[in-house]
8 protein chains.
Amino acid sequence: MISKEARLDLDRLSRLGMVEAIWGEHKTFEQIAEILKSFSEAGQLAFVTRVSVDKAEKLMQIFEQAEYHSKAKCLTLGRPFEVHPTEGKVVILSGGTSDLAVASEAELSLRLHGIKTEILLDIGVAGLHRLLNNLDKLTSAEVVIACAGMEGALPTVLGGLIPQPVIGVPVSVGYGVSAGGITALKGMLASCSPGLTVVNIDNGYGAAMAALRIIRSRSNK
Amino acid sequence: MISKEARLDLDRLSRLGMVEAIWGEHKTFEQIAEILKSFSEAGQLAFVTRVSVDKAEKLMQIFEQAEYHSKAKCLTLGRPFEVHPTEGKVVILSGGTSDLAVASEAELSLRLHGIKTEILLDIGVAGLHRLLNNLDKLTSAEVVIACAGMEGALPTVLGGLIPQPVIGVPVSVGYGVSAGGITALKGMLASCSPGLTVVNIDNGYGAAMAALRIIRSRSNK
Amino acid sequence: MISKEARLDLDRLSRLGMVEAIWGEHKTFEQIAEILKSFSEAGQLAFVTRVSVDKAEKLMQIFEQAEYHSKAKCLTLGRPFEVHPTEGKVVILSGGTSDLAVASEAELSLRLHGIKTEILLDIGVAGLHRLLNNLDKLTSAEVVIACAGMEGALPTVLGGLIPQPVIGVPVSVGYGVSAGGITALKGMLASCSPGLTVVNIDNGYGAAMAALRIIRSRSNK
Amino acid sequence: MISKEARLDLDRLSRLGMVEAIWGEHKTFEQIAEILKSFSEAGQLAFVTRVSVDKAEKLMQIFEQAEYHSKAKCLTLGRPFEVHPTEGKVVILSGGTSDLAVASEAELSLRLHGIKTEILLDIGVAGLHRLLNNLDKLTSAEVVIACAGMEGALPTVLGGLIPQPVIGVPVSVGYGVSAGGITALKGMLASCSPGLTVVNIDNGYGAAMAALRIIRSRSNK
Amino acid sequence: MISKEARLDLDRLSRLGMVEAIWGEHKTFEQIAEILKSFSEAGQLAFVTRVSVDKAEKLMQIFEQAEYHSKAKCLTLGRPFEVHPTEGKVVILSGGTSDLAVASEAELSLRLHGIKTEILLDIGVAGLHRLLNNLDKLTSAEVVIACAGMEGALPTVLGGLIPQPVIGVPVSVGYGVSAGGITALKGMLASCSPGLTVVNIDNGYGAAMAALRIIRSRSNK
Amino acid sequence: MISKEARLDLDRLSRLGMVEAIWGEHKTFEQIAEILKSFSEAGQLAFVTRVSVDKAEKLMQIFEQAEYHSKAKCLTLGRPFEVHPTEGKVVILSGGTSDLAVASEAELSLRLHGIKTEILLDIGVAGLHRLLNNLDKLTSAEVVIACAGMEGALPTVLGGLIPQPVIGVPVSVGYGVSAGGITALKGMLASCSPGLTVVNIDNGYGAAMAALRIIRSRSNK
Amino acid sequence: MISKEARLDLDRLSRLGMVEAIWGEHKTFEQIAEILKSFSEAGQLAFVTRVSVDKAEKLMQIFEQAEYHSKAKCLTLGRPFEVHPTEGKVVILSGGTSDLAVASEAELSLRLHGIKTEILLDIGVAGLHRLLNNLDKLTSAEVVIACAGMEGALPTVLGGLIPQPVIGVPVSVGYGVSAGGITALKGMLASCSPGLTVVNIDNGYGAAMAALRIIRSRSNK
Amino acid sequence: MISKEARLDLDRLSRLGMVEAIWGEHKTFEQIAEILKSFSEAGQLAFVTRVSVDKAEKLMQIFEQAEYHSKAKCLTLGRPFEVHPTEGKVVILSGGTSDLAVASEAELSLRLHGIKTEILLDIGVAGLHRLLNNLDKLTSAEVVIACAGMEGALPTVLGGLIPQPVIGVPVSVGYGVSAGGITALKGMLASCSPGLTVVNIDNGYGAAMAALRIIRSRSNK
């Protein structure tokens with residue numbers, strides 16, 4: 001007998017300082033609704049990623065306070081955390097319109113935790129001037145998250161230009177050898193730029209939590 | 001015509017605050033010697049990774065000041081940077097004796113840049129008590145680097161326990177499906193722990209530079 | 001000329017003590033109906049896995065006694081075997097809501113054969129306390145089946161804690177490098193925990209039959 | 001500073017009932033010697049797998065009581081456990097002369113723990129009669145370990161013939177598509193025989209520990 | 001400018017003695033219709049594989065003489081060749097109901113060329129008796145085509161039992177490591193049975209043409 | 001805040017002499033419409049590849065001047081460049097009807113830039129006569145683009161026959177081991193013909209731009 | 001206890017009409033010697049493939065009648081079978097000097113069984129004239145074995161030209177994407193030529209046994 | 001019977017204008033010597049790639065006129081072609097000292113055919129200034145060959161800066177995910193720069209022949 005389908009890790013917030021993201025893609029509408037209810041009852045902010053418009057609309061009919069973030073394809077229920085005015089900013093780079101969902105998931109994940117963010121779109125290595133024109137913004141960031149599909153060279157070029165922490169997010173958009181994002185992932189891991197780190201393909205939430213760890217670790221000391 | 005075989009990136013230090021590591025594995029003794037000479041003439045600290053004992057001995061006959069770090073399989077020429085007393089410490093975990101070279105490369109890379117380090121050996125997920133017994137040391141670190149071969153689960157378990165930045169280094173030791181380290185790498189990327197980041201297989205130097213970016217970014221602000 | 005489309009292995013029960021599971025996913029409604037008819041005529045319990053709700057509803061209109069197990073996505077026709085009161089229990093762990101179908105398929109497969117089972121949900125390595133809090137239940141089991149997607153570290157951690165047979169079932173839920181379950185599979189095979197065994201991705205039925213072999217082998221001697 | 005290179009899991013024996021196997025392949029002679037010393041001082045049986053003849057000879061000069069098992073390529077130091085007279089036997093099948101090292105590692109691992117074993121050699125699916133002629137021995141076993149390289153079909157055929165637990169060990173001997181053992185591994189995982197479980201390629205020790213878990217679990221109840 | 005979309009290889013019949021199969025899966029209804037028209041005008045038998053029921057119905061409205069073979073998912077237009085009474089028979093084995101489409105494509109391909117065939121269904125290695133019970137039929141064949149998914153062990157076992165040419169056809173039915181048929185393919189290539197040959201996954205037509213080459217080569221001499 | 005979703009590389013034309021192709025497959029109708037508007041306002045020719053009929057029809061309702069090229073599945077808005085009468089011709093080979101979309105994308109990409117083109121269809125290596133019959137046309141080309149799926153041998157055979165630049169385009173049409181085009185890609189890269197170059201799978205636009213670089217580089221000098 | 005290390009399949013000859021090839025690569029000198037002794041005592045022809053010159057020389061000192069075939073890297077002991085004067089000939093094509101060992105292994109395997117053979121060297125698709133100049137010899141063969149590395153296109157081109165059985169043998173010679181022979185293997189399987197069959201990489205013996213099955217099957221009827 | 005081991009393609013020069021490169025890596029000293037003799041007797045320039053120093057020294061003792069090019073690891077026998085004074089220059093970029101052998105093979109291959117070349121070393125994307133400082137040289141080239149290992153981003157960045165033909169050569173130097181060069185290869189194929197073409201890993205000769213095709217095609221018209 002299963003007494004209850006989902007025992008959530010409601011202690012994660014106090015242990016790690018992170019809201020647990022519920023991965024919505026493979027869950028049914030009913031499963032997500034049950035999870036939202038648990039969070040709501042526990043008085044915690046609920047954060048569901050990869051929610052289709054269809055599921056979101058049905059969920060918002062039940063949970064009137066829920067908010068759907070269409071670019072990021074995420075749904076939230078509850079109040080985000082206050083912005084920490086003295087903490088640094090995370091700049092998020094995106095190589096193209098197709099990477100927008102991943103960059104937006106990263107941005108939303110950080111804003112929910114009260115971190116300041118800025119997205120820079122259409123920054124790619126095949127048109128270097130756009131990257132070089134934004135160096136000021138990049139060097140003023142505390143952490144840079146760089147999303148890129150295809151060959152994934154953006155974090156490599158960036159990591160050779162600035163000394164800040166750079167987190168690469170490979171994006172699954174592409175075709176042929178770049179389909180699925182594995183080539184971008186391996187390109188980032190194989191990078192000749194020192195000190196670049198990488199998260200799973202399309203994992204905007206993961207990159208945001210890595211940036212959060214860096215920024216909070218700083219403010220804790 | 002090639003005027004000179006290796007034009008080194010001697011500006012990297014001022015641009016990124018990082019010593020350029022020379023990857024010694026596929027270079028001949030003569031190529032490394034020429035590079036050491038360039039660094040020496042430029043008055044910069046030279047740092048060569050993956051140097052076999054044989055090559056190291058021949059190089060030390062030419063460069064009397066060179067030092068060979070046998071556990072890390074690295075050779076240095078020139079003075080390391082002073083330790084910054086107010087900067088945080090990086091703790092480096094290693095799953096087994098076989099991961100020692102990678103963990104030692106990370107440690108040496110950090111110490112050369114004046115960062116305090118501590119290595120904890122034989123911390124593995126098949127014997128959780130050793131991990132749990134060291135939680136104090138882990139939570140006192142500013143950054144944790146976790147090296148692991150085989151299934152690579154160590155950073156995942158660790159990332160669920162502490163809020164600090166955790167950098168996973170997959171190690172190529174293993175056999176069958178874990179040979180070459182790809183399984184450890186993918187296991188870390190697929191981790192259910194939020195905010196874990198990863199570098200290339202066996203890339204102790206890369207993990208160290210990522211930790212350096214985090215720590216220096218903090219002290220710069 | 002084909003005289004009959006499916007010659008079932010109706011002797012499997014006497015030879016191996018196992019009900020043959022019919023894999024329903026790639027079979028048409030008509031093919032499954034024909035197979036159910038054969039089993040029914042032979043007076044044997046029929047067990048079809050991976051049956052969509054649509055197919056199940058059509059089949060239950062024809063076979064009124066058929067029962068659909070929606071969590072496990074399985075359909076049965078005929079009476080399960082009696083529970084053996086003196087035989088041990090199999091505990092089935094599941095890392096998350098998304099693994100529920102696989103865990104339920106394992107549980108149903110065992111219950112059909114008269115084996116006692118218990119499912120423990122949302123036991124994952126990123127929140128170790130939930131695992132450690134259930135150690136009593138785990139050490140009282142005769143066999144443990146651990147289902148896990150993503151990096152698949154659950155059976156590894158478990159195998160280091162308890163001496164019982166542990167069977168890992170990699171689950172295909174995930175994205176990027178964990179999509180399809182190969183990373184979880186390889187992580188389990190590469191495990192540093194001694195004596196862990198593994199079945200094919202999503203193969204809840206297979207893990208159950210392996211547990212059955214272990215338990216029956218015991219009761220036969 | 002590293003106070004000691006290897007902190008062994010000397011509690012494994014009491015926790016799991018298993019001797020910790022030291023994987024000797026990637027360790028230096030000096031590293032293995034240090035580990036043997038630790039075990040010896042702790043009064044525990046030491047078991048090192050994948051030890052080359054050269055390393056073994058040097059080690060036996062230092063540790064006079066050490067014993068080298070050349071077929072299994074393993075080295076032991078200390079007394080094996082007594083045979084439990086009432087416990088069942090494990091039969092180990094090997095497809096060919098080339099699989100002998102893996103089968104022997106499994107056998108030795110079991111004998112060290114006091115388990116009775118029998119090896120049957122040159123049992124392959126391309127000559128079925130040899131398998132069918134040994135059915136008596138196979139059905140008298142409590143657990144069967146089947147080692148196979150190339151296409152790895154042996155455990156599949158076996159699992160369809162007998163009701164006992166069958167553990168498949170893919171072997172890395174082969175060439176072309178079977179080089180490295182991945183094809184044998186996947187063939188065993190994809191098997192149409194129900195309830196077959198699998199361990200990592202060439203992992204004779206792992207298969208033995210899985211058999212030990214099964215047999216001991218039985219005798220403990 | 002493209003004068004005509006498809007220039008068919010209408011000489012193939014005279015050069016190789018084989019009807020060119022048109023692969024229908026990725027072609028639109030309009031493209032197939034145009035090709036059928038070309039064959040029809042040239043007075044040749046047209047043979048289209050992998051045609052969905054939908055496309056087939058639309059095509060049969062235009063080409064009244066066209067015939068749809070639903071098990072094989074093929075459409076033909078024109079008269080098959082006469083059976084050669086003195087030529088040998090090809091026996092086609094299929095491991096399960098799911099392999100039926102591939103086995104039927106092979107059978108139809110041969111019958112169109114006037115070759116005698118017999119299909120034996122549900123012959124698998126997990127129930128050896130069904131294979132052994134049909135040895136008479138198998139040894140009376142001139143060529144045997146063995147279709148198998150999952151681990152693909154059927155042709156290996158067969159090749160060790162009979163001296164005839166055995167052509168293995170891996171089938172894409174399966175899940176986890178057997179999804180897509182690559183494991184079955186590699187298992188057949190890695191086979192320990194001597195003289196087994198293999199064609200592409202699901203390539204029933206290709207296996208049939210290989211059998212045709214063998215049989216016709218015989219009757220030509 | 002994101003001020004504008006897509007900052008296009010409108011300077012590419014002056015820098016590289018190439019119209020930027022907008023990859024339409026993963027973009028929504030709204031995203032493409034916004035991009036078309038930007039190009040239109042900048043007075044530049046807009047070129048969108050991989051546009052489904054559905055999206056194209058909706059876009060043409062908004063942009064009346066837009067033109068849909070159904071074989072190439074591309075949409076253009078604005079006037080193509082004039083043909084350069086003295087520049088050479090690019091001949092594009094296609095192995096089968098299924099490769100037509102890729103070959104047509106290459107042809108359209110070149111014609112938009114004012115380059116003369118000719119497509120030769122159904123030229124394959126399994127019917128060599130069709131290739132040999134077209135040698136005159138092939139040797140009169142300045143560059144040859146050869147599209148091929150399955151085993152991808154066409155560019156290899158061609159490269160051994162003519163001295164011109166040959167650009168291979170692997171095509172994703174196929175099944176089993178050729179599904180997705182990786183086998184064709186690797187076959188072209190592994191080619192024993194000297195001086196063959198390759199682009200990504202299905203990348204007709206990329207092959208066209210490579211041909212444009214060759215031809216324009218010539219006319220610039 | 002192991003009573004005897006290798007129980008050979010000495011009945012294979014009567015059952016299948018094939019001499020069992022002993023794969024010598026991974027066997028020690030001592031293991032091969034023991035096997036040769038068994039065959040010798042049984043009065044059967046022994047055939048060992050992939051024997052290095054060093055091992056061969058040591059074996060010939062013990063077995064004076066043994067013969068080493070250096071091009072094929074095989075060692076035989078005992079008398080080959082008589083040539084059947086009325087049976088057909090097998091023509092073996094090799095793409096380059098580097099494929100010679102594989103082609104020679106195939107040739108020797110056939111000659112040992114009394115089959116007539118002819119080798120044609122340096123027949124490649126990048127120089128089609130050499131293939132076309134030998135069409136007479138090829139069409140007079142009963143079976144053609146085509147060995148090819150790199151892109152492996154030779155059997156594809158051949159299969160489009162002649163109606164005989166064509167067996168492709170991928171060869172592991174190459175570099176980059178063709179290293180190890182997988183690209184040649186997949187190219188042959190993906191071939192657009194109908195009725196081509198394939199064996200494992202470098203498996204000259206396997207191709208020979210497939211040809212033997214074809215020829216003997218013919219002469220038996 | 002084999003009348004002669006190697007029938008060289010001595011007509012390649014007249015047909016394609018290219019010297020046939022003999023791949024020396026897997027050939028024995030004796031095989032290379034025989035080939036050199038054939039070329040010498042035919043009065044043609046012989047060009048052997050991937051020749052180790054050891055083999056080269058033995059060959060130069062026999063062929064006194066042979067010349068060994070140690071950086072490129074190639075051996076030539078006979079006179080190179082005259083430089084065409086009006087033809088353009090090929091610039092060859094190399095990312096690091098480790099890529100030197102591949103870049104040198106490309107350079108030598110071109111110089112042998114009378115093409116002007118220039119090598120630029122240590123041009124990498126992690127230090128963009130070195131690339132940007134050489135833009136003048138790059139835009140004056142007729143063709144640029146860019147060799148790069150690791151993530152292989154160099155040709156991508158380059159292709160976005162200049163309009164000339166750019167040929168990417170992935171290099172096998174690297175470790176972890178970049179070992180063997182596949183990541184660099186896929187990164188180049190997936191490039192977001194339009195019109196980049198790619199050759200096999202380490203194939204300096206192939207890139208040179210592609211450049212030759214481009215330049216000669218131009219001068220022929």
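**A tour of two interfaces and one helix**

In this predicted model, select chain D and chain G to begin: the area buried between these two chains is about 1700 Å², and carbon and sulfur atoms give 52% of it. Within chain D, highlight Thr97(D), Leu121(D) and Tyr175(D), the residues that lose the most area to chain G; together they account for 35% of what that side buries. Widen the selection to everything in contact and you will have 18 residues of chain D and 22 residues of chain G.

Next, look at the polar pairing here. Four residue pairs are in polar contact across the interface of chain D and chain G, with both residues at pLDDT 80 or more. The count of salt bridges across the interface of chain D and chain G is zero. Now colour chain D by secondary structure. Helix H4 (100-112) and helix H5 (128-132) of chain D are the elements that give two or more residues to the side touching chain G. By residue class, that side of chain D holds seven nonpolar, seven polar and four charged residues.

Keep both chains on screen and superpose chain D on chain G. A rotation of 90° with 0.0 Å of shift along its axis does this, at an RMSD of 0.0 Å. This is the relation of a four-fold axis. To find the part of chain D that comes nearest the axis, select Gly180(D): its C-alpha is the nearest in that chain, 8.6 Å from the axis.

Move to chain A and chain B. Here 37 residues of chain A are in contact with 37 residues of chain B. The two chains bury about 2900 Å² between them, 55% of it on carbon and sulfur atoms. Between chain A and chain B there are zero salt bridges, while 13 residue pairs are in polar contact, both residues at pLDDT 80 or more.

Which elements of chain A each supply at least two residues of the side that touches chain B? Select helix H1 (12-16), strand E8 (166-170), helix H8 (182-189), strand E9 (197-198) and helix H9 (204-220) of chain A. H9(A) provides the largest share of that side, eight residues. The side of chain A that touches chain B divides into 21 nonpolar, 10 polar and six charged residues.

Last, go to chain C and select helix H8, residues 182-189. H8(C) is mostly covered, with six of its eight residues buried. Show side chains for the buried ones: Thr183(C), Ala184(C), Leu185(C), Gly187(C), Met188(C) and Leu189(C).

How values were computed. Residues numbered from 1 in each chain as written. Chains lettered and ligands numbered in written order. Predicted model: local features only at pLDDT ≥ 70, side-chain atom pairs only at ≥ 80, totals over all residues. Heavy atoms only, no water. Contact = heavy atoms within 4.5 Å. Buried area = accessible area lost by both parts, 1.4 Å probe. Salt bridge = Lys/Arg side-chain N within 4 Å of Asp/Glu carboxyl O. Polar contact = N/O pair within 3.5 Å; in protein donor to acceptor, adjacent residues only side chain to side chain. Helix = DSSP H or I, 4+ residues; strand = E, 2+ residues; numbered from the N terminus. Nonpolar A, V, L, I, M, F, W, Y, C, P; charged D, E, K, R; others polar. Least-squares fit on C-alpha atoms with pLDDT ≥ 70 in both. Buried < 20%, exposed > 50% of the residue type's maximum accessible area, 1.4 Å probe, protein only.
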